[in-house]
Amino acid sequence: MGDGVIREFTGGDLWAAALLLAERQVRHRGRHPLLPAEYEDPQVALGEVTAAWETEGASGAVLLEGGEVTGYLLGAPKSSLTWGNNVWVERAGHAVREPEKVRDLYAVAATKWVADGKTAQYALVPDDAELLDAWFRLGFGSQHAHAVMPIPAEPLPPRPGVTVRRAGRGDIQMLAELDLVLPQHQRLAPTFSSGELPTLEEALTDWEESIDDQEYATFVAESNGKVIGSSIGCSVEKSSAHSGLAQPDNAGLLAFAAVFPQARGAGAGRALGEAVINWAAGVGYTSVVTDWRVTNLLSSRAWPRLGFVQTFHRLHRVIGH
Ligand SMILES: CC(C)(COP(=O)(O)OP(=O)(O)OC[C@H]1O[C@@H](n2cnc3c(N)ncnc32)[C@H](O)[C@@H]1OP(=O)(O)O)[C@@H](O)C(=O)NCCC(=O)NCCS
């Protein structure tokens, strides 16, 4: 570690951290120009680091080399039980001049996290190969992908054998059934998600209330006159998972898609994703964002085929075994 010193993160480190985060955003935008440029300005990046630091229960570490802050790491717990007894390093939760140093920072920050019982750990890491490698050598593995794609120059043509149309009130029953398809699928191997599984009644009630909400564009796919799948598009601003420096300017979101098991693999998922992309183009968005569990063998293959390119990796580690 050379002459570096690592100590606890304090409020006095925010500006130095913002400078590092702004540098990270410059590098990240070198690979993904669709990510927002404003966070290349340390003043703007400061808002992101400050929010991470002011999150309840936040703690972390900074690395000083030659008197200069050259790395920081910040984590905070989320209250949802879904994540276990957790700590999250969110999108603005770390930046380092030298990727390897994230391991030294983690060693200090995680001493407190683990002492506090925060053994389910998550980190949102830009797709920087060296940085990811350093996290992998901290025992973290890939759990979730965040991705973006530009709007295609021309509207995408319809797919043979499947009709996609906007959903209406008459589709509520099928939409509710399709709502269960994603969590049901993700409970299975190899995803093993513990995500909530709503009841059909809950899904029906939700759709009764939300079907006319103009802020969401809902599509259904039909084959031989039967609904076989659905997808939903909306503004990326609806999603907290894609906010701040992970939120491309003027972007739509592919928020949901599901195809019944027996109808998969025949092009309906692509047609439903493309309907959202065409809808986003029509609204005037310049890109579309989505995310998926990397262990979901279906979405992790389908969405890259449509042109989505991964920007962030959510990594996960469980301590104690
Ligand atoms: C993800 C899902 C919506 C995709 O729908 P689908 O009808 O199965 O997908 P498609 O048949 O349209 O295939 C989409 C693309 O993925 C590719 N693909 C599908 N299965 C694949 C596999 N096993 N290996 C490699 N590529 C595969 C297809 O070839 C296609 O690309 P192409 O058109 O360039 O050939 C559907 O599988 C599903 O409902 N899964 C469960 C719920 C879910 O995961 N939803 C997504 C939430 S993020």
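Here is a short chat about reading the fold and the nonpolar cores of a predicted model.

Trainee: Where do I start, and how many helices and strands are there in the protein?

Mentor: Start with the inventory, and keep in mind that this is a predicted model. You'll find eight helices and 13 strands.

Trainee: What does the radius of gyration tell me about the protein?

Mentor: Set it against the value for a compact globule. For 321 residues that would be near 20 Å, and the protein has 21 Å, so the two agree. Along the principal axes, the C-alpha atoms fill a box of roughly 70 × 40 × 30 Å.

Trainee: And how do I read the contacts between residues at least 6 apart in sequence?

Mentor: Look at how far along the chain the partners sit. Here 73% of those contacts join residues at least 24 apart. As for burial, 50% of the 321 residues count as buried.

Trainee: Which residues touch the most other members in the largest nonpolar core?

Mentor: Pick out Phe 219, Trp 279, Val 288 and Phe 308, from a core of 26 residues. Several elements give two or more residues to this core, including β9 (217-223), β12 (287-293) and α7 (268-283). The largest share comes from α7, with eight residues.

Trainee: What is Phe 308 in contact with, leaving aside neighbours within four places in sequence?

Mentor: Its partners include Ala 147, Val 148 and Met 149, along with Leu 254, Val 288, Trp 292 and Trp 303. Apart from this core lies another, of 23 residues, among them Ile 6, Val 125, Ala 134 and Trp 135.

Trainee: What about the surface and the charges?

Mentor: The protein exposes about 14,700 Å², with carbon and sulfur atoms supplying 53% of it. Count 27 positive and 39 negative side chains; the centres of the two sets lie 6 Å apart.

Note on methods
Residues numbered from 1 in each chain as written. Predicted model: local features only at pLDDT ≥ 70, side-chain atom pairs only at ≥ 80, totals over all residues. Heavy atoms only, no water. Helix = DSSP H or I, 4+ residues; strand = E, 2+ residues; numbered from the N terminus. Rg over C-alpha atoms; globule rule 2.2 N^0.38 Å. Buried < 20%, exposed > 50% of the residue type's maximum accessible area, 1.4 Å probe, protein only. Contact = heavy atoms within 4.5 Å. Areas by Shrake-Rupley, 256 points an atom, 1.4 Å probe, with all protein chains shown as cover. Lys, Arg positive; Asp, Glu negative; His and termini not counted. Charge placed at Lys NZ, Arg CZ, Asp CG, Glu CD. Core = buried A, V, L, I, M, F, W, Y, C linked by side-chain atoms within 4.5 Å.
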